[in-house]
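Pull up the model and keep the sequence alongside. Let's take a walk through it together, stopping at a few spots that repay a second look.

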Amino acid sequence: MTSASDPAQSSGLKPGLKQRHMNLIALGGVIGAGLFVGSGVVIQSAGPAAVISFLIAGLITVLIMRMLAEMTIAKPALGSFYVYAREALGNRAGFAVGWMYWYFFVIVVAVEAVAGGRILQLWVPDVPLWVLSLGLLLVLTGTNMVSARSYGEFEYWFSSIKVVAIVVFLVVGALYLFGFWPGAHGGVTNLVSHGGFAPLGIGAVLAAVVPCIGFYTGAEIVTIAAAESAEPKKAVAKAMRSIILRVVLFYVGSVFLVVAIKSWDDPATAVSPYAAVLEVLGIPAVATIMNAIVLTAVLSCLNSALYTSSRMLFALTSNGDAPKAFTRLSRSGVPRRAILAGTAIGYVSVIAAYTSPDLIFQFLVNSYGAVALFVYLSIALAQVRLRRRLEREDPDKLTLKMWLFPWLSYATIALMAGVILAMALLPSTRSQFWLSAVTLALILVGFEIRRRRGKPVAKVPSGPEPVPDAAPAALRE
């Protein structure tokens, strides 16, 4: 296995991320525009019981992250779950997981750049959307090209703004419910006064879990960033422990306040649930405030997507799963070619959003919808196998363990499989599932082409090996 106690040092990457960066990367990674805007769609589809949908999705995410943290702390590795899938499930699975995750985030780059451009266009309507989107891409590509610390600092402040916004929302919302806010009547009658707590049935509540899990995607970024942390084991352990309560509290708590303060079937709730609540509270300049917060969330996701896609592509080169050209590092230890590869796809996608929004761009958006779920399922499967191997060969490394192993691990696998099956069957998500399946099929075809052309496929070892020096001095730019 490609692992070491210090992946950054072994790979040539510079450990520029500090503990405060890691904490906010883990926390901010799951607070995206989906929470501030997309949650309204879930509320409309499930009613006040959307709180239950977010709680179930949050618990599944927490279980997956606990499994991943166990592997990361026992065997820190450049590429994290890509490496774990490769060792536990085979070369083909590792190849698929790495490239699926890379594809997922390069599409996120495009989606967030377009979303950010649309928000900016509200303030500068005369500037074309593609110009604004490309401008955002250029700025954040530039920050990522400087150093890992540059990425970490931007993400630290982006995430801080998001966290502060959520905390303030929780405080003022609670004051309203308890009748302490000016003009507030208090109470939670909206939870049951518009058709009941689950007006559309328990089936709708369970179906809403599918998009909710998508909102939580991003918590695993901290295990990728661990390769550039001075103390990867400590950083991941602390970040993962802190994320559990906070993420569930932020998502479930804030959605609870939304449906308790504003009726779930109000059209304004579907469009922008948090803005609708702020209007009830009488907060001035609601639209401007929410647009600024959503723009911050979008920029945070774009920043993280550029970083994560480049590091996964860099990790793929260590086993010959990606061209060696992407191993080159700058003097500051940044894989600039890998960053530019993801950025180039982002540029093409932004242009597609302008020239063919209903065909090419729509295909790209739908073709990555289930990809993260496939990756999460592979994380759970890999954890079961690696845990059993570690228990036999090196139990002392299991300093942070998955709860109630193996039964809770099996339950998590079953839950993830159920979510993916539901996505395949539900009319609203069926097209995303099948187009994502096409993405997976094309990646597997790529593996077969690589194998048949005689490219060396690294043997999966049974135990840990040092990380090969992926970027010796001769390969530095």
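What follows goes from helix packing to buried loop residues and then to some backbone oddities. Keep in mind that this is a predicted model.

Let's begin with helices. Two packed helices are described by the angle between their axes and the distance between the axes. Take α4 (residues 50-74) and α19 (residues 407-425): their axes come within 10 Å and cross at roughly 125°. Angles over 115 and up to 145 are neither roughly perpendicular nor roughly antiparallel, so α4 counts as oblique to α19. As for handedness, α4 and α19 cross in a left-handed way. On the α4 side, the contact is made by Ile60, Leu63, Ile64 and Met67. They face Leu408, Ser409, Thr412, Leu415, Met416 and Val419 of α19. Sort the residues in the contact of α4 with α19 by class and you get eight nonpolar, two polar and no charged.

Now swing over to α2 (residues 19-28), which packs on α8 with the axes 8 Å apart and an angle of about 55°. That angle makes α2 and α8 oblique to each other, and α2 passes α8 in a left-handed crossing. From α2 come Arg20, His21, Leu24, Ile25, Leu27 and Gly28. Among the α8 residues they meet are Arg149, Glu153, Tyr156 and Lys162. What is the mix of classes where α2 meets α8? Here there are six nonpolar, five polar and five charged residues.

Stay on α8 (residues 148-177) for a moment, since Ala165 is found there. Is Ala165 buried or exposed? With the cut-off for buried at under 20%, Ala165 makes it at 17% relative accessibility. Have a look at Ile293 too: Ala165 and Ile293 are 128 residues apart in sequence, yet their C-alpha atoms are 7.4 Å apart in space.

On to the loops. Thr327 sits between α15 (286-316) and α16 (336-355). Despite its place in a loop, Thr327 is buried, with a relative accessible area of 3%. The Thr327 side chain reaches the backbone oxygen of Lys324 at 2.6 Å.

Ser367 is another loop residue, between α17 (360-366) and α18 (371-393), and its relative accessibility of 0% puts it among the buried. Which side chain does the side chain of Ser367 join in a polar contact of 2.6 Å? The partner is Tyr103. If you set aside neighbours within four places in sequence, Ser367 is in contact with Leu435, Ser436 and Thr439 as well as Tyr103.

Finally, the backbone. Most residues other than glycine have a negative phi, and most peptide bonds are trans. Against that background, go to the loop between α18 and α19, which holds both Leu404 and Pro406. Leu404 has a positive phi of about 50°, though it is not a glycine. A little further along, Phe405 and Pro406 are joined by a cis peptide bond with omega of about 5°. Leu404 is exposed, at 65% relative accessible area.

Ser80, in the loop between α4 and α5 (81-89), is also a non-glycine residue with a positive phi of about 50°. Its surroundings contrast with those of Leu404: Ser80 is buried, with a relative accessible area of 1%, whereas Leu404 is exposed.

Terms used: Residues are numbered from 1 along each chain as its sequence is written. This is a predicted model: local features need pLDDT of at least 70, side-chain atom pairs count only at pLDDT 80 or more; totals for chains, interfaces and linings use all residues. Side-chain values use heavy atoms; hydrogens and water are left out. Helices (H or I, at least four residues) and strands (E, at least two) are DSSP runs, numbered from the N terminus. Buried means under 20% relative accessible area, exposed over 50%, partly exposed in between (1.4 Å probe, protein chains only). A polar contact is a pair of N or O atoms within 3.5 Å; within protein, one must be able to donate a hydrogen and the other to accept it, and residues adjacent in sequence count only if both atoms are side-chain atoms. Axes are lines fitted to C-alpha atoms, for helices over the stretch in contact, and angles run from 0 to 180 degrees between N-to-C directions. Angles under 35 degrees count as roughly parallel, over 145 as roughly antiparallel, 65 to 115 as roughly perpendicular and the rest as oblique. A crossing is left-handed if the near helix is turned anticlockwise from the far one by less than a right angle, and right-handed if clockwise. Contact means heavy atoms within 4.5 Å. Ala, Val, Leu, Ile, Met, Phe, Trp, Tyr, Cys and Pro count as nonpolar, Asp, Glu, Lys and Arg as charged, and the others, Gly among them, as polar.
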